[in-house]
Amino acid sequence: MTNGYKKNYHLEKKFHEFKDLREMVAYSAEKYTDKTAFVTKVKTRSADGTKETGYVNTTYKDFHDQIGYLGTALWELGYQGKRIGVIGENSYNWILSYFATACGLGVVVPLDKLLQKEELQSLIERGDVSAIFCDKKSSSMLKDIMDEGNTPLKEIFGLDFIPEAGKSLAELLGRGKALVEEGKRDYLEAPIDRDTMNFLLFTSGTTQASKAVMLCHRNLCSITYYMDCEELFFPDDVSMLFLPLHHVFGMGGLLVFITQGIKNVFCDGLKYITNNFQEYGVSVMMTVPLLLENVYKKIWKAIDKQGMRPKIEKAMKICETSEKFGIYLRRRLFKPIIDQLGGKMRFFINGAAALDPVVAKGLNDFGILTVSGYGLTETSPTISSETYRYIKAGSVGKVMPYVETRIDEPDENGIGELCARGENVMLGYYNDQESTDAVIKDGWFHTGDLAYFDEEGYLWITGRKKNVIVMKNGKNVFPEEIETLVNLLPYVSESMLFSRNKANDVVLWLKVVYDEEYLKEENITLEQLHDIFDKDLEKINETMPSYKMVKKFFMSNRPTVKTTTMKTKRNDEMKKIQEELDERGL
């Protein structure tokens with residue numbers, strides 16, 4: 001028994017691979033017809049000015065039908081074969097626009113809502129986007145871009161508003177419904193080639209300018225099927241769509257939830273996340289390390305504040321003993337902890353970056369199934385993942401079924417570049433054959449990540465090939481390894497390891513972003529915290545070979561520059577670090 005679940009549910013017998021997203025949604029509409037697919041919160045004011053909150057439940061049949069209506073309306077406007085962008089906060093209308101474009105119309109280009117004007121304009125131009133769905137927040141910037149006339153953008157559709165010189169999604173739905181009822185079926189019956197580009201995704205560009213990844217229906221449907229075969233969900237699960245859906249990790253999760261008939265809800269914002277857990281009875285969430293590590297720290301902080309650590313540690317031992325006899329008690333014994341997360345939370349799926357092994361094991365020990373996976377936009381995204389059957393804290397699980405992997409040029413420890421091939425691997429980079437040929441060689445996609453497999457077949461990512469710091473003695477230092485240890489300290493929000501040259505030596509430095517709340521709660525000064533970290537770093541260094549020891553550090557209250565999936569943009573951050581070091585005269 002693992003995490004209270006049977007050893008093998010034989011999920012591969014319950015699911016099959018769909019040929020495209022249209023078939024996937026049609027299947028779910030038939031199987032889960034009146035089951036709620038999406039819950040949308042609506043806030044209004046009554047006549048007397050009182051704030052009121054309501055909820056709109058969209059069934060799986062509604063979702064299927066509305067895709068048809070919206071696609072038909074866009075078809076009438078002449079957008080078949082065109083590139084249509086989608087930008088804005090996660091919402092049902094965002095999802096509807098994405099699916100309507102991809103399921104028989106043209107190419108969907110999901111864009112990051114946090115992009116600045118120049119970046120957004122560049123991607124619209126590079127992606128040849130002729131129309132875009134956007135929310136009110138993005139509309140002003142997009143109107144400026146369109147009016148300037150330097151891009152192919154000709155029309156703006158409002159997701160949650162009526163554009164001045166455009167159409168709202170509600171208006172398009174109404175028009176499309178009328179057309180379908182009149183018998184218009186051009187969009188509904190338009191052929192979908194599962195092997196041509198229907199999705200154009202821009203990578204987050206952590207180390208260089210973003211690339212445009214071309215994906216097809218085969219890519220997304222194959223990896224959805226593999227995930228269905230491995231990850232365990234239940235009919236009454238409720239998923240919170242927390243990750244940005246323009247990113248393939250967030251969208252990949254949604255596709256799995258759709259095949260499983262799960263109810264999906266939306267987060268009101270990071271500071272409301274615990275309230276939303278309670279409000280909707282959330283049981284499943286795709287997430288990133290930063291959130292889980294903060295959750296874990298807060299749980300232990302509350303435990304220590306109440307003087308409950310001895311009792312919790314005793315309960316852990318009871319659980320370990322009882323499980324030897326097949327008795328699973330964790331969710332019962334740690335119910336007060338689970339109640340802090342809304343009472344229903346049972347499954348966290350971590351991705352985008354490595355999760356601290358202590359946090360991963362700790363959450364599983366509390367009875368919340370917590371798994372980590374690994375992948376890239378170029379692999380749609382998943383290459384490997386832990387599952388309810390296969391968990392080893394610190395690893396990224398086992399390779400997905402039907403995906404092949406190998407380690408290229410392994411060193412004496414078996415560490416080398418991870419390569420993969422399978423139906424999930426991208427078609428290539430749009431308009432960039434040189435970059436495509438650099439990463440896809442003889443049918444193998446070269447990930448750029450260094451990794452090894454242990455004796456049980458678990459995959460371990462040791463670091464990004466481009467991030468490796470080569471010391472003067474030729475030894476390699478993986479920043480992620482040291483950062484993971486530092487980030488576990490209760491007063492550290494995040495950290496970044498970097499190197500500076502000094503005479504004929506390479507010196508390892510750390511930027512340590514401290515938690516300002518910790519200073520207040522513990523009533524200590526920054527100077528005192530500096531001394532505390534100095535001693536903690538000494539202990540960490542004692543566990544390292546001499547070439548990995550961090551010699552210098554500085555404390556900062558400035559968060560690192562990040563992508564929307566909370567990965568540090570190391571090149572951009574290095575410029576900020578240099579500015580900060582110059583300010584301090586270091």
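Buried means under 20% relative accessible area, exposed means over 50%, and partly exposed covers what falls in between. With those cut-offs in hand, the charged side chains of this predicted model can be sorted out.

Salt bridges come up often here: a search of the whole structure turns up 33 of them. Three pairs give a feel for the set. In one, Glu-323 and Arg-330 meet through their side chains at 2.8 Å, N to O. The two partners sit on either side of the burial cut-off. Glu-323 has 27% relative accessibility, so it counts as partly exposed, whereas Arg-330, at 6%, counts as buried.

Another pair joins Glu-583 to Arg-558, with 2.7 Å from N to O. Glu-583 belongs to helix H19, which runs over residues 570-584, while Arg-558 is in the loop between strand E27 (552-556) and H19; the salt bridge therefore ties together parts that are 25 residues apart in sequence. As for cover, Glu-583 is exposed because its relative accessibility comes to 53%, and Arg-558 is partly exposed at 36%. This pair doesn't stand alone, either. Glu-583 and Arg-558 are part of a network of salt bridges that also takes in Lys-511, Glu-573, Glu-580 and Arg-584.

The third pair is Lys-137 with Glu-89, whose side chains form a salt bridge at 3.4 Å, again given as N to O. Here Lys-137 comes from helix H5 (residues 136-148) and Glu-89 from the loop that lies between strand E3 (83-87) and helix H3 (92-102), so the contact links parts that are 48 residues apart in sequence. Lys-137 counts as exposed, since its relative accessibility is 68%. Its partner Glu-89 has 36% and so counts as partly exposed.

Some charged residues gather with their own kind instead. On the surface, Glu-527, Asp-531, Asp-534, Glu-538 and Glu-542 make up a patch of negative charge. Residues in a patch of this sort have no salt bridge, which sets the five acidic side chains of this patch apart from the pairs described above. Asp-531 can serve as the example. This residue is found in helix H18, which spans residues 526-542. Its relative accessible area is 45%, so Asp-531 is partly exposed. That value also fits the patch rule, because membership calls for over 30% relative accessible area.

Key
Residues are numbered from 1 along each chain as its sequence is written. This is a predicted model: local features need pLDDT of at least 70, side-chain atom pairs count only at pLDDT 80 or more; totals for chains, interfaces and linings use all residues. Side-chain values use heavy atoms; hydrogens and water are left out. Patches are made of residues with over 30% relative accessible area and no salt bridge: like charges are joined within 9 Å, nonpolar side chains (Val, Leu, Ile, Met, Phe, Trp, Tyr) within 5 Å. Accessible areas come from the Shrake-Rupley method with a 1.4 Å probe; for residues, only the protein chains shown count as cover. A salt bridge is a side-chain nitrogen of Lys or Arg within 4 Å of a carboxyl oxygen of Asp or Glu. Lys and Arg count as positive and Asp and Glu as negative; His and the chain ends are not counted. The place of a charge is taken as NZ of Lys, CZ of Arg, CG of Asp or CD of Glu. Helices (H or I, at least four residues) and strands (E, at least two) are DSSP runs, numbered from the N terminus. Buried means under 20% relative accessible area, exposed over 50%, partly exposed in between (1.4 Å probe, protein chains only).
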